[in-house]
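Here is a short report on one protein chain. Keep the sequence and the 3D view open while reading.

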Amino acid sequence: MVTHSGARNSAFTFARCTFPGILATLLVVAVAGGARAQTRKIELGDAQKIVSVSSPQISPDGKSIVIIVSRVNWDADRYDSQLVLVDIATGAQRPLTNVRKGLSSPQWSPSGDRLAFLAEVGEGKNAAAQIFVLPMNGGESQQVTSAPLGVEQFAWCPAGTYFAFVSPDEPPNKAEIEKHHDLFEVGDNDFLATAAPTPWHIWLVSASRGASGGAAKRLTSDAWSLPSGAEYAPPSSMLSWSPEGTQIAFTRQADPHYGDADKSVVEILDIDSGQIRQLTKRTAFESLGVFSPDGTKIAYWYPRDGD
């Protein structure tokens, strides 16, 4: 950038003699103008213009990507989100849904003909995330779960006919809680907890039923729990189907308390019999078991030094 009169005079003298000199002079002016434009500071009002993109999922045919696009709703103090399809070859974008509350976890069906996602249903304290399925050849999305306390994570079966999903159990003293008799022991849990945690378990539901159709089938139960909070860390689901669709690998936690998340092991659930077997003989620190494409192996997380 030119700063003193001698340098400016030399630059303009050279510019009168050659075309490159004219071009150089224009570049100097443009750079100076750009520098001035960059001195503007970010202001509070700029927050209204922020658009965030998250949860990219490539289609099975590799031709498109679905993303969640979120824009600031300043008046309602929230982000408004919708699913958008991006064509990889051209970059063209097409909205797939209107703005949906609690939109998260888009997942393509194995054949790519449908797209599943979570979205909030209900209002106030009754609001809960449920699974919806959107046909990619046109039509409206269809709600396929009606879990009382909502769905946190889910996974398509390899044939695309069922979902395995995770939902929390209702508290055993639900009636007392509704009467405001809601005293509970905090235990080894988050200090901000406002209620006793209940176990999270695996359910099975048809991928084509409507909200008023057949009921979901419970696959696991007991005082132990699957970990919660799967949406805050990859992957979006801790459930992994075997390639033939007969087994599910999952992470089992000793209890639903947040502070006991390290007491976790990888286990295998047989869908038909309901039998569960542990992958190893460890008692802690295992998580995120994933079947290999041929179903002969399972990869999982475990600390290198076992601690």
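The report goes from the whole chain to its salt bridges, then to a run of strands and three loop residues.

**The chain as a whole**

This is a predicted model. The protein chain has three helices and 18 strands. It has 307 residues, and 35% of them are buried. Its accessible surface comes to about 18500 Å². Carbon and sulfur atoms account for 55% of that surface. Consider the contacts in the chain with a separation of 6 or more: 41% of them join residues 24 or more positions apart.

**Salt bridges**

The structure holds 10 salt bridges. The table gives three pairs, with the distance between N and O atoms.

| Acidic residue | Basic residue | N to O distance |
|---|---|---|
| Asp80 | Arg78 | 2.7 Å |
| Glu267 | Arg252 | 3.3 Å |
| Glu286 | Arg282 | 3.2 Å |

Take Asp80 and Arg78. Asp80 has a relative accessible area of 18%. The cut-off for buried is under 20%, so Asp80 counts as buried. Arg78 is partly exposed, at 42% relative accessibility.

The Glu267 and Arg252 salt bridge has its closest N and O atoms 3.3 Å apart. This pair links distant parts of the chain. Glu267 sits in strand 15, which spans residues 264–270, and Arg252 sits in strand 14. The two are 15 residues apart. Glu267 is buried, with a relative accessible area of 6%. Arg252 has a relative accessible area of 26%, and therefore counts as partly exposed.

Now Glu286 and Arg282, whose side chains meet in a salt bridge. Glu286 has a relative accessible area of 0%, so this residue is buried. Arg282 is partly exposed at 31%.

There is also a linked group. Arg40, Asp46 and Lys49 form a network of salt bridges.

**Strands 14, 15 and 16**

How many residues of strand 15 are buried? Six of the seven are, so strand 15 is largely enclosed by the rest of the structure. Glu267, at 6% relative accessible area, is a buried residue in this strand.

Strand 15 pairs with strand 14 in the antiparallel sense, over seven bridges. Within that pairing, Phe250 stands opposite Glu267. Glu267 also has its salt bridge to Arg252, a residue of strand 14.

Strand 15 pairs with strand 16 as well. Strand 16 covers residues 276–278, and this pairing is antiparallel over three bridges. Ile268 has Arg277 of strand 16 as its bridge partner. Strands 15 and 16 form a hairpin, with five residues between them. Gly274 lies in the turn and has a positive phi of about 80°.

One general point helps when viewing these strands. In a regular strand, side chains alternate between the two faces of the sheet.

**His257, between strands 14 and 15**

His257 lies in the loop between strand 14 and strand 15. Which residues does His257 touch, not counting residues up to four places away in sequence? They are Val186, Gly187, Asp188, Asn189 and Pro197. Asp188 is 69 residues from His257 in sequence. In space, the two C-alpha atoms are 6.0 Å apart.

**Ser242 and Ser292**

Two serines in loops complete the tour. Ser242 is in the loop between strand 13 (240–241) and strand 14 (247–253). Is Ser242 buried or exposed? It is buried, because its relative accessibility is 1% and the cut-off for buried is under 20%. Leaving out residues up to four places away in sequence, Ser242 touches Pro158, Gln247 and Phe291.

Ser292 is in the loop between strand 17 (287–291) and strand 18 (298–301). At a relative accessible area of 15%, Ser292 is buried. Its side chain makes a polar contact with the side chain of Asp294, at 2.7 Å. Setting aside neighbours within four places in sequence, Ser292 is in contact with Pro243 and Lys297.

The contact lists give two links to follow in the 3D view. Phe291, a contact of Ser242, falls in strand 17 (287–291). Gln247, also touched by Ser242, falls in strand 14 (247–253).

Methods. Residues are numbered from 1 along each chain as its sequence is written. This is a predicted model: local features need pLDDT of at least 70, side-chain atom pairs count only at pLDDT 80 or more; totals for chains, interfaces and linings use all residues. Side-chain values use heavy atoms; hydrogens and water are left out. Helices (H or I, at least four residues) and strands (E, at least two) are DSSP runs, numbered from the N terminus. Buried means under 20% relative accessible area, exposed over 50%, partly exposed in between (1.4 Å probe, protein chains only). Contact means heavy atoms within 4.5 Å. Accessible areas come from the Shrake-Rupley method with a 1.4 Å probe; for residues, only the protein chains shown count as cover. A salt bridge is a side-chain nitrogen of Lys or Arg within 4 Å of a carboxyl oxygen of Asp or Glu. Two strands pair if DSSP finds at least two bridges between them. A polar contact is a pair of N or O atoms within 3.5 Å; within protein, one must be able to donate a hydrogen and the other to accept it, and residues adjacent in sequence count only if both atoms are side-chain atoms.
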